[in-house]
Amino acid sequence: AAEVSENPETPEQSAGNTLVIYYNYAENIEKGDLDVDAISSASLDGNVNGNVNDLLVMAKEIQAKTGGDIFSVSTNELYPSDYSEMVYVAQDDQNDNKQFTFIEKLPDLDKYDTIYIGAPVWWGKLPQPMKVFMEENDFSGKKIIPFGIHAGSRFGSIVNQYKEYQPNADVSDDGLTIHADTKNEEAISQVDAWLETK
């Protein structure tokens, strides 16, 4: 069974039509001596040499505000916990078109009409695990709303990648991306303001 968390506060809505999918670096690293509960905590302001935890904060806020379900993309192949090392491994993975396998499959998408998809922008593109994920899953007929974090490139080419891999989906050009240095409280404020326009 897929690890899909339904929003317990709004069961009527969670049985509805919104799914939040996200890929978070902090949840896909070699654990080593790191306190993973701490680096995955929405209360932590910052992470491994960068505020990469904002993506998890964004995903949880979107779930809370939409009453949707949430799905974390988790891979069997993990990245180094040292962020400065990871960025070059990530670039090699993109260049080599590395293939990833996933711990859980997506749930049945039939009940969802709107799918928020979040990812960090790595080297101006989707992280390679998310590229593979988008190639392996079919979002035909769904509305895809992108969100993410970046270090200066905004969405880079990610929105166009979504359109390329999901030609039969309605990919929104009105996504939200925030800078990785953004404080969690500010990230939540930006998400709330953005969702009011949806």
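A residue counts as partly exposed when its relative accessible area falls between the 20% under which it would be buried and the 50% over which it would be exposed. That cut-off comes up again in the close-ups of the salt bridges, and the model in every view is a predicted one.

**View 1. The whole chain, before zooming in, has seven helices and seven strands.** Follow the sequence and you get the pattern β-α-β-α-α-β-α-β-α-β-α-β-β-α. Of the chain's 198 residues, 51% count as buried. Among contacts with a separation of 6 or more, 82% are between residues 24 or more positions apart. The accessible surface is about 9200 Å², and carbon and sulfur atoms own 45% of that.

**View 2. Here Trp122 meets two tyrosines, Tyr23 and Tyr25.** The whole structure has nine aromatic pairs. One of them joins Tyr23 to Trp122, edge-to-face, with 6.0 Å from centre to centre and 80° between the planes. Tyr23 sits in the loop between β2 (18-22) and α2 (36-39), while Trp122 is in the loop between β4 (114-120) and α5 (128-136), so this pair ties together parts 99 residues apart in sequence. Tyr23 and Trp122 are both buried. Tyr25 pairs with Trp122 too: the ring centres are 6.2 Å apart and the planes stand at 75°, so this one is also edge-to-face. Once more the loop between β2 and α2 is linked to the loop between β4 and α5, with Tyr25 and Trp122 97 residues apart. Tyr25 is buried, like its partner Trp122. Zoom out a little and ring pairs join Tyr23, Tyr25, Tyr79, Tyr83, Phe100 and Trp122 into a cluster.

**View 3. Helix α7 (residues 184-195) shows its buried side.** The helix has 12 residues and reaches 16 Å from first C-alpha to last, close to the 16 Å expected at 1.5 Å a residue. Which residues of α7 are buried? They are Asn184, Ala187, Val191, Trp194 and Leu195. Their arc around the axis is only 95°, which puts them on the same side of α7. The cover over these buried residues includes α3 (54-66), β4, β5 (143-150) and β7 (176-179).

**View 4. Lys143 and Asp170 form a salt bridge, one of five in the whole structure.** The closest N and O atoms are 3.7 Å apart. Lys143 belongs to strand β5 and Asp170 to strand β6 (residues 170-171), so the bridge ties together parts 27 residues apart in sequence. Buried or exposed, or something in between? At 44% relative accessibility, Asp170 counts as partly exposed, and Lys143, with a relative accessible area of 32%, is partly exposed as well.

**View 5. Two more salt bridges involve Asp173 and Asp174.** Lys163 meets Asp173 at 2.7 Å, N to O. Lys163 is in helix α6 (residues 158-165) and Asp173 in the loop between β6 and β7, so the pair ties together parts 10 residues apart in sequence. Asp173 is exposed, with a relative accessible area of 63%, whereas Lys163 counts as partly exposed at 32%. Asp174 meets Lys198 at 2.8 Å, N to O. That bridge links the loop between β6 and β7, home of Asp174, to Lys198 in the segment after α7, 24 residues apart. Both ends are partly exposed, with relative accessible areas of 40% for Asp174 and 39% for Lys198.

Methods
Residues are numbered from 1 along each chain as its sequence is written. This is a predicted model: local features need pLDDT of at least 70, side-chain atom pairs count only at pLDDT 80 or more; totals for chains, interfaces and linings use all residues. Side-chain values use heavy atoms; hydrogens and water are left out. Rings of Phe, Tyr and Trp (its six-membered ring) pair if their centres lie within 6.5 Å; planes under 30 degrees apart count as stacked, over 60 as edge-to-face and the rest as tilted. Helices (H or I, at least four residues) and strands (E, at least two) are DSSP runs, numbered from the N terminus. Buried means under 20% relative accessible area, exposed over 50%, partly exposed in between (1.4 Å probe, protein chains only). The expected span of a helix is 1.5 Å times one less than its number of residues. The arc is that of the directions from the helix axis to the C-beta atoms. Contact means heavy atoms within 4.5 Å. Accessible areas come from the Shrake-Rupley method with a 1.4 Å probe; for residues, only the protein chains shown count as cover. A salt bridge is a side-chain nitrogen of Lys or Arg within 4 Å of a carboxyl oxygen of Asp or Glu.
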